[in-house]
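Okay, thanks everyone, let's get going. I'll put the model up and then walk through a few of its helices.

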Amino acid sequence: MMTRRITQLLIGLAMYGISLAMFIRAGLGLDPWDVFHQGVSQKTGFSIGVVVIAVSFLVLLLWIPLRQMPGIGTIANAVLVGLFADLGLWLIPEFSHLGGQIAMLAGAVILNGIASACYIGARLGPGARDGLMTGLVRRTGWSVRLVRTGIEVVVLAVGWLLGGSVGVGTVVYALAIGPIVQILLPKFMVPEQAKATAPTEAVEAAPAA
């Protein structure tokens with residue numbers, strides 16, 4: 001079971017990073033956090049992958065006062081998404097034709113939804129940004145919707161001021177990603193391990209020879 005969980009986690013994070021590269025190549029707008037990442041990247045000159053990794057570890061520092069504990073998936077998320085985002089940008093060409101941009105955006109949203117379901121379903125720890133949200137919800141008692149919206153409005157506004165790309169893709173992502181993940185998550189959710197069956201119960205349950 002652990003082998004499946006780790007494999008699913010790694011595949012999900014790889015796809016997530018590639019989907020970020022696809023959003024950028026589509027050129028029609030990014031999700032709020034990636035608007036922020038792109039804005040910081042443009043101001044600092046670092047690649048967006050390096051910025052994603054750096055921001056992930058900075059956000060993890062905010063977990064300390066929230067008493068959040070990272071998992072294997074948390075650390076893997078912090079490192080791998082950025083690496084695969086840069087790899088995707090190296091592999092995927094830019095699109096100047098609107099039809100190609102729309103197709104790339106649609107593919108990015110779908111791949112991102114699959115990736116999210118994969119790494120969440122592996123149950124090996126939330127990403128740094130999701131953990132910040134859940135930690136604030138637990139500590140403040142505010143609703144998930146309020147906390148998530150507040151965080152994303154702030155990072156979107158700051159990212160836009162820094163020059164990050166806001167557009168129709170931002171709206172499409174906001175409307176589509178929740179339903180996609182909700183549909184796919186049950187298919188990727190790794191079930192809890194069943195409790196070990198007692199020896200006597202196992203004997204009683206065994207089929208007759």
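So, to start: how many residues does helix α2 have, and how far does α2 reach from its first C-alpha to its last? Keep in mind that this is a predicted model. Helix α2 covers residues 32-44, so 13 residues, and the reach is 19 Å, close to the 18 Å expected at 1.5 Å a residue.

Now, is α2 mostly covered or not? Mostly covered: 10 of the 13 residues are buried. If you want to click through them, they are Pro32, Trp33, Asp34, Val35, Phe36, His37, Gln38, Gly39, Val40 and Ser41. And the cover includes α1, α3, α6 and α7, with α7 being residues 144-161. Just after α2, have a look at Gly45, which takes a positive phi of about 85°.

Okay, on to α4. This is residues 72-91, 20 residues, which at 1.5 Å a residue should span 28 Å, and the end C-alpha atoms are indeed 28 Å apart, so that agrees. There is a bend, though: about 30°, at Ala78.

Which residues of α4 are buried? Gly73, Thr74, Ala76, Asn77, Ala78, Leu80, Val81, Gly82, Ala85, Gly88 and Leu89. So Ala78, where the bend sits, is on that list. These buried residues pack against α1 (2-26), α3 (48-66), α5 (98-121) and α6 (128-140).

Let me stop at Asn77, which is in α4. Its relative accessible area is 7%, and the cut-off for buried is under 20%, so Asn77 counts as buried. What does Asn77 touch, if you leave aside its neighbours within four places in sequence? Leu13, Tyr119 and Gly127.

Next, the pairing of α3 with α4. They pack at an angle of about 165°, with axes 7 Å apart. Angles over 145 degrees count as roughly antiparallel, so that is what α3 is to α4. The crossing is right-handed. On the α3 side you have Ile48, Gly49, Val50, Val52, Ile53, Ser56, Phe57, Leu60 and Trp63, and they meet Thr74, Ile75, Ala78, Val79, Val81, Gly82, Leu83, Asp86 and Leu89 in α4. Ala78 turns up there again.

Last stop, α8, residues 168-188. With 21 residues, α8 reaches 29 Å from its first C-alpha to its last, close to the expected 30 Å at 1.5 Å a residue. Where is the kink in α8? At Ala176, shortly before the proline Pro179, and the kink is about 35°. The buried residues of α8 are Gly169, Thr170, Tyr173, Ile177, Ile180, Val181 and Leu184, and their cover includes α1, α5 and α7.

Let's take the α5 part of that. Helices α5 and α8 pack at about 40°, axes 8 Å apart, which makes α5 oblique to α8. The contact uses, among others, Leu105, Val109, Asn112 and Gly113 from α5, and residues including Val172, Tyr173, Ala176 and Ile177 from α8. So the kink residue, Ala176, is part of that contact too. And as for the hand, α5 passes α8 in a right-handed crossing.

That's my tour. Happy to rotate the view if anyone wants another look.

Terms used
Residues are numbered from 1 along each chain as its sequence is written. This is a predicted model: local features need pLDDT of at least 70, side-chain atom pairs count only at pLDDT 80 or more; totals for chains, interfaces and linings use all residues. Side-chain values use heavy atoms; hydrogens and water are left out. Helices (H or I, at least four residues) and strands (E, at least two) are DSSP runs, numbered from the N terminus. The expected span of a helix is 1.5 Å times one less than its number of residues. The bend at a residue is the angle between axes fitted to the seven residues ending there and the seven starting there. Buried means under 20% relative accessible area, exposed over 50%, partly exposed in between (1.4 Å probe, protein chains only). Contact means heavy atoms within 4.5 Å. Axes are lines fitted to C-alpha atoms, for helices over the stretch in contact, and angles run from 0 to 180 degrees between N-to-C directions. Angles under 35 degrees count as roughly parallel, over 145 as roughly antiparallel, 65 to 115 as roughly perpendicular and the rest as oblique. A crossing is left-handed if the near helix is turned anticlockwise from the far one by less than a right angle, and right-handed if clockwise.
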